[in-house]
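Me: Please give me one connected, close look at the part of this structure that surrounds the ligand. I would like the neighbouring loops and open spaces described alongside, so that I can follow everything in the displayed model.

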Amino acid sequence: MKAIQVKQVGGPEAMELVELPVPQPKPNEAVVKLAASGVNFIDVYNREGRYKAPLPFVLGQEGAGTVSAVGAEVKSVKVGDRVAWTSQLGAYAEYAAVPADRLVPIPQGVTEEQAAGAMLQGMTAHYLSNDTHPLKKGETTLIHAAAGGVGLLLVQMAHNIGARVIATVSTDEKAKLAREAGADEVILYTQADFEAETKRLTGGKGVDVVYDSVGKTTFEKGLNILRPRGIMVLFGGSSGAVPPFDPIVLTQKGSLFLTRPSLGNYITTREELVARSAAVFGMIAAGKLKLRIEHTYPLAEAQQAHRDLEGRKTTGKLLLIP
Ligand code: NDP
């Protein structure tokens, strides 16, 4: 089978198209014939070595397809089932062996491409808005990189809850997409000072919650626009990592809360994983959550997909088709 392997961590060129044997399932695993693999920023971190994985490895943490073989102990899925998963390496390939208890069923009304596009970013948007900070109607939130993969989904969920959404994006085209997703206000943070703009838009009160996946270039100012006891949800570092930080700053800026969550901690049990994925798939099937699959690349063009994602060129979801 064809797969994208990393033998040495590095830039996009570290991703090699290789021929590997089709994996055989261990007793607790199922093998999935992939219909689509999701491209995510975490793949860039794995490829660069910022998040470590034992070398060599097949990249990719999100996929959907059909079960083609099961291990002896597997009861939860059978050959032919349509399934999806996330947070297990090996998705940039034609086949992947996945622990069966990490596979979730794809319901009717959701395509395999949609499932591959929604598992990681959709469940992330879901836990951020429902659990990390359970957003309430009438609250105000600032969402950075709002036209990105997670961003567009988080804006829709926040809007559907009834929160007022202030969004930041880098271009006019992205601003249009953020508005269509339900943002009430959009700030071009590459041109305007988002701190001053947010203070103006909230009459100096500040926002209840900041969702920040950009990190290095936005974190500090984000703390300045929170209301007293507001919460900073730092969930990524697309512009780079936030430097070391003294907690006394949280006191000085209004007894703020800070959390650095990760999807893995919000799908710890099988029950939570199944419930969260079902909630996201349910919204898609009901038309309440629109997935913007911006571009599909053949598997062999994984390098280009990463260049586009890192180059800030993309909006919504990127998929690789094996
Ligand atoms: P995106 O589609 O959001 O792409 C990243 C976006 O970040 C860009 O489009 C760009 O939007 C913005 N950005 C700002 N500064 C930079 C920069 N210097 N270089 C590149 N991009 C920049 O990616 P994803 O939706 O896949 O992921 C978004 C973030 O969320 C990532 O940081 C990822 O690690 C994180 N994440 C965290 C999870 C968690 O559980 N903690 C789970 C999933 C994702 P613009 O041009 O508008 O500025």
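## The ligand and its surroundings

Reply: Ala 145 sits in the loop that runs between strand S9 (140-143) and H3, and in this predicted model the residue has a positive phi of about 50° even though it is not a glycine. A second backbone feature to find on the display is the cis peptide bond that joins Leu 55 to Pro 56, with omega at about -10°; Pro 56 belongs to the loop between H1 and strand S4 (57-58). Both of these loops adjoin a helix, H3 in one case and H1 in the other, and each of these two helices supplies at least two residues of the shell around the ligand.

That shell is the part you asked about. It consists of 29 residues, the closest of which are Tyr 127, Ser 170, Lys 174, Tyr 189 and Leu 263. Helix H1 (41-48) and helix H3 (149-161) are joined as contributors by helix H2 (112-132) and helix H9 (302-310), each of the four giving at least two residues, while the largest share, four residues, comes from H2. Sorted by class, the shell holds 13 nonpolar, 12 polar and four charged residues. In terms of domains, at least three of the shell residues come from domain 1 (2-119 + 270-321), and at least three come from domain 2 (136-260).

Which polar backbone atom lies 3.1 Å from an oxygen atom of the ligand? It belongs to Ser 213, and a backbone N or O atom of Gly 237 likewise lies 3.4 Å from an oxygen atom of the ligand. With Arg 312 the side chain is involved, since an N or O atom there is 2.8 Å from a ligand oxygen atom. Taken alone, the ligand exposes 900 Å², and the protein buries 91% of that area.

The enclosed space in the protein is a separate matter. The count comes to one cavity of 30 Å³ or more, and the largest cavity holds about 40 Å³ of space. Its lining is made up of Gln 121, Gly 149, Leu 152, Leu 153, Lys 290, Leu 291, Arg 292, Gly 316 and Lys 317, with H3 giving the largest share, three residues. By class this lining divides into three nonpolar, three polar and three charged residues. As with the shell around the ligand, the cavity lining draws at least three residues from each of domain 1 (2-119 + 270-321) and domain 2 (136-260).

Finally, there is the second largest pocket, whose volume is about 200 Å³. It is lined by 13 residues, of which Pro 23, Leu 89, Gly 90, Ala 96 and Ala 97 are the closest to its centre. Strand S7 (residues 95-99) provides the largest share of this lining, three residues, and the lining as a whole divides into nine nonpolar, two polar and two charged residues.

Conventions. Residues numbered from 1 in each chain as written. Predicted model: local features only at pLDDT ≥ 70, side-chain atom pairs only at ≥ 80, totals over all residues. Heavy atoms only, no water. Near = heavy atom within 4 Å. Polar contact = N/O pair within 3.5 Å; in protein donor to acceptor, adjacent residues only side chain to side chain. Areas by Shrake-Rupley, 256 points an atom, 1.4 Å probe, with all protein chains shown as cover. Nonpolar A, V, L, I, M, F, W, Y, C, P; charged D, E, K, R; others polar. Domains from an automatic or database assignment. 1 Å grid on protein atoms, 1.4 Å probe; cavity = no way out; pocket = protein on both sides within 12 Å on 5 of 7 lines; lining within 4 Å. Points joined across faces, edges and corners; volume = space filled by probe spheres on them.
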